[in-house]
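Colleague: I should be grateful for a close look at one part of this model, namely its salt bridges. Please explain each term as it arises.

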Amino acid sequence: MLFLFAVLSGSHADARTGRALVVAIGKYPMDSGWENIHGDNDGILISDLLKRNYYQQIILLKNERATKKNINLSLQRLYEDVKAGDYLFLHFSCHGQQMMDLNGDEEDGVDEALIPYDALFWYLPGVYEGEKHFSDDELGEWIDRFRCKLGKSGQIFVLLDACHSGTANRYMSGVYIRGVNKIFAPDDYTPRRGRHLECSMKLKSLANLAPTMVLSACRPEETNYEYYSRKSKCHYGKLTYSFVQVAERQLAGFTSEGWCKVVNETMRQLPSSPLLKLQHPYMECSDKEKLFILSVIH
């Protein structure tokens with residue numbers, strides 16, 4: 001009995017709390033300019049996966065709940081709740097778009113933005129100038145705050161099933177694309193090389209900061225296509241679907257490069273046309289040697 005108690009006590013001592021925000025948008029307002037996709041299906045896949053991996057706090061924002069305000073409120077709630085050593089998982093399935101760089105920290109003169117439910121497609125001077133877009137600068141600021149609070153014993157896993165390259169329209173029956181290659185800016189805007197590149201979001205390995213990995217659906221110049229699963233008769237993001245397949249098989253975790261490699265291999269194996277195979281996941285991380293493990297109990 002004493003041995004059993006010690007084992008059980010040890011397993012609880014090793015456990016940390018898993019917390020997550022899952023933003024999953026499939027249906028945008030008709031007057032927003034955005035084509036409907038199937039990000040809401042991704043939300044179910046990821047939420048169920050995290051529950052099976054013992055995440056105790058999962059905030060799911062689907063469709064009309066996934067506004068810019070609610071995203072920030074949910075991140076603030078998570079920030080107030082997280083403790084040192086916790087695991088944080090941030091997932092976004094939605095459209096993406098480049099927008100004009102306002103603070104001069106981007107080498108190519110444009111920010112990348114995720115598109116919440118209430119963001120519009122067009123730049124309308126004096127009416128809508130991107131205040132509902134969720135830029136990479138904003139995401140980077142949140143990640144920096146979380147890294148400080150989680151500390152070196154915690155970890156942050158970010159999955160971005162969106163991109164900014166593509167037509168954002170279905171140009172073939174049954175083919176859905178996430179993202180658009182139209183820059184959100186005034187008509188006369190010309191991107192210029194950034195002036196304060198030292199401020200751009202770069203993930204660095206620093207003492208007492210949580211290791212962080214960001215896995216995106218495709219490289220910057222590629223298009224993010226959805227995948228149709230004949231088994232479930234649903235469309236999903238290719239990154240999300242492949243990531244879940246990998247996570248179900250691998251409990252020990254990978255380095256960031258390992259995750260990117262095995263997810264890429266899984267994406268390659270999905271039955272699809274040669275056109276839809278022209279997509280490769282893109283990874284950024286702070287600690288290349290660190291194992292990123294999904295389960296909070298191991």
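Modeller: I begin with a residue outside the salt bridges: Leu124 counts as partly exposed because its relative accessibility is 32%; buried means under 20% relative accessible area, exposed over 50%, and partly exposed in between, with a 1.4 Å probe and protein chains only. Leu124 is found in the loop between strand 5 (110-114) and strand 6 (134-135). Helices (H or I, at least four residues) and strands (E, at least two) are DSSP runs, numbered from the N terminus.

The model is predicted, so local features need pLDDT of at least 70 and side-chain atom pairs count only at pLDDT 80 or more, while totals for chains, interfaces and linings use all residues. Residues are numbered from 1 along each chain as its sequence is written, and side-chain values use heavy atoms, with hydrogens and water left out.

I now turn to the salt bridges. The structure holds 9 of them, a salt bridge being a side-chain nitrogen of Lys or Arg within 4 Å of a carboxyl oxygen of Asp or Glu.

One of these joins the side chains of Arg19 and Asp86, at 2.9 Å from N to O. Because Arg19 lies in strand 1 (residues 18-24) and Asp86 in the loop between helix 3 (68-81) and strand 3 (87-93), the pair ties together parts that are 67 residues apart in sequence. Arg19 is buried, since its relative accessible area is 10%, and Asp86 is buried as well, with a value of 5%.

In another salt bridge, Lys27 pairs with Asp40, and their closest N and O atoms are 3.3 Å apart. Lys27 belongs to the loop between strand 1 and helix 2 (39-52), whereas Asp40 belongs to helix 2, so this pair links parts that are 13 residues apart in sequence. Here Lys27 is partly exposed, at 48% relative accessibility, but Asp40 is buried, at 8%.

Glu248 and Arg52 also form a salt bridge, with 2.2 Å between the closest N and O atoms. Glu248 is in helix 5 (residues 238-249) and Arg52 is in helix 2, so the pair ties together parts that are 196 residues apart in sequence. Both partners are partly exposed: Glu248 has a relative accessible area of 43%, and Arg52 has one of 44%.

Finally, some salt bridges are connected to one another. Asp42, Asp161, Arg178 and Glu226 are linked in a network of such bridges.
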